[in-house]
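I set out to record, entry by entry, what I looked up in this structure. The sequence and the coordinates come first, and my notes follow.

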Amino acid sequence: MPARKIITRGDPVLTKACHPVTRFDEKLHALLDDMRDTLLQAQGVGLAAPQVGILRRAVLVMNEREEIIELVNPEIVFTEGEQEGFEGCLSVPGLYGRVTRPERVRVRAQNRDGQVFEVEDTGITARCFCHECEHLEGRLFVEHTDRLYTAEELDEMEQENGTEREQ
């Protein structure tokens, strides 16, 4: 499937709330397949449908085992703890911000065929669940940070502190 163009900050589609998916058909399957190709080509860890210009409640999250989880009509049903780290976004290329998210997150969603399931994870995957679900509400991570950093600034900070950023 062809990769789609990633919409970047400033495009009004990224500020709109998405509509629920009600038809689990070949059109949805094609969107999810295109999103997978787009995510892999962009070397990201998450992608939401509005980032490719589609106002539907569908996201992909790559977990720490590099498995892509498809979440249709996702809803965060449980959170626990807190983590702080740098976050980036394919729709805000080259910029990162320090964001606080839950350490553990459980999501209830549907798969591409409409079957309901739950998935729970911690760390960067939990961070991605929150980040991608916020896209469905027309929100970006930049709303959670008071400063954006370039990749070069983060590299300098990592060298000084001996830390790594989460993307």
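**Entry 1: Helix 2 and its strands**

I began with helix 2, which lies across strand 4 and strand 5 and runs at about 55° to strand 4. By contact I mean heavy atoms within 4.5 Å. For angles I used axes fitted to C-alpha atoms, for helices over the stretch in contact, with values from 0 to 180 degrees between N-to-C directions. Helices (H or I, at least four residues) and strands (E, at least two) are DSSP runs, numbered from the N terminus.

I note that the model is predicted: local features need pLDDT of at least 70, side-chain atom pairs count only at pLDDT 80 or more, and totals for chains, interfaces and linings use all residues. Residues are numbered from 1 along each chain as its sequence is written, and side-chain values use heavy atoms, with hydrogens and water left out.

I then found that helix 2 also lies across strand 1, strand 2, strand 3, strand 6 and strand 7, at about 125° to strand 7. I checked its length: at 1.5 Å a residue its 13 residues should span 18 Å, and the end C-alpha atoms are 19 Å apart, which agrees. The expected span is 1.5 Å times one less than the number of residues.

How many of the 13 residues of helix 2 are buried? Twelve are, so the helix is largely enclosed by the rest of the structure. Buried means under 20% relative accessible area, exposed over 50%, and partly exposed in between (1.4 Å probe, protein chains only). Among the buried residues of helix 2 are G123, R127, F129, H131 and H135.

**Entry 2: The two sheets**

I looked up the strand order next. Strands of a sheet pair through backbone hydrogen bonds, either parallel or antiparallel. I counted two strands as paired if DSSP finds at least two bridges between them.

One open sheet has five strands in the order 1-2-3-6-7, with antiparallel pairing. Its edge strands are strand 1 (46–48) and strand 7, each of which pairs on one side only. Neighbouring strands of this sheet are turned by 35° against each other on average, direction ignored. Strand 2 and strand 3 are joined by five bridges, and M62 has I68 of strand 3 as its bridge partner. Strand 6 and strand 7 (residues 116–122) are joined by seven bridges, with V105 bridged to D121 in strand 7. Five residues lie between the strands of this hairpin, where G114 takes a positive phi near 95°. Helix 1 (residues 26–42) lies across strand 1, strand 2 and strand 3, at about 35° to strand 2.

The other open sheet that I recorded has three strands in the order 4-5-8, again with antiparallel pairing. Strand 4 (83–89) and strand 8 (149–150) are its edge strands. Six bridges join strand 4 to strand 5 (residues 92–101), and V99 of strand 5 is the bridge partner of G85.

**Entry 3: The nonpolar cores**

I defined a nonpolar core as a set of buried Ala, Val, Leu, Ile, Met, Phe, Trp, Tyr and Cys residues joined through side-chain atoms within 4.5 Å. The largest has 15 residues, and L71, V105, V107, V119 and F129 have the most contacts inside it. Strand 2 (58–62), strand 3 (68–80), strand 6 (104–110) and helix 2 (123–135) each give two or more residues to this core. Helix 2 supplies the largest share, four residues. Apart from this core lies another, of 14 residues, including L32, V52, A58 and M62.

I also followed two residues. Beyond four places in sequence, L71 is in contact with residues including V59, V107, F117, V119 and F129. V59 is in strand 2 and is buried, with a relative accessible area of 0%. Leaving aside residues up to four places away, V59 touches, among others, M35, L47, I69, E132 and L136.

**Entry 4: Cysteines and an exposed arginine**

Which cysteine sulfur is closest to that of C130? It is that of C133, 7.2 Å away and too far for a bond. A disulfide requires cysteine sulfur atoms within 2.5 Å, and by this rule I counted zero disulfides. C130 counts as buried at 9% relative accessibility, and C133 likewise at 11%.

Finally, I looked up R23, in the segment before helix 1. R23 counts as exposed, at 61% relative accessibility. The C-alpha atoms of R23 and R112 are separated by 9.5 Å, with the two residues 89 residues apart along the chain.
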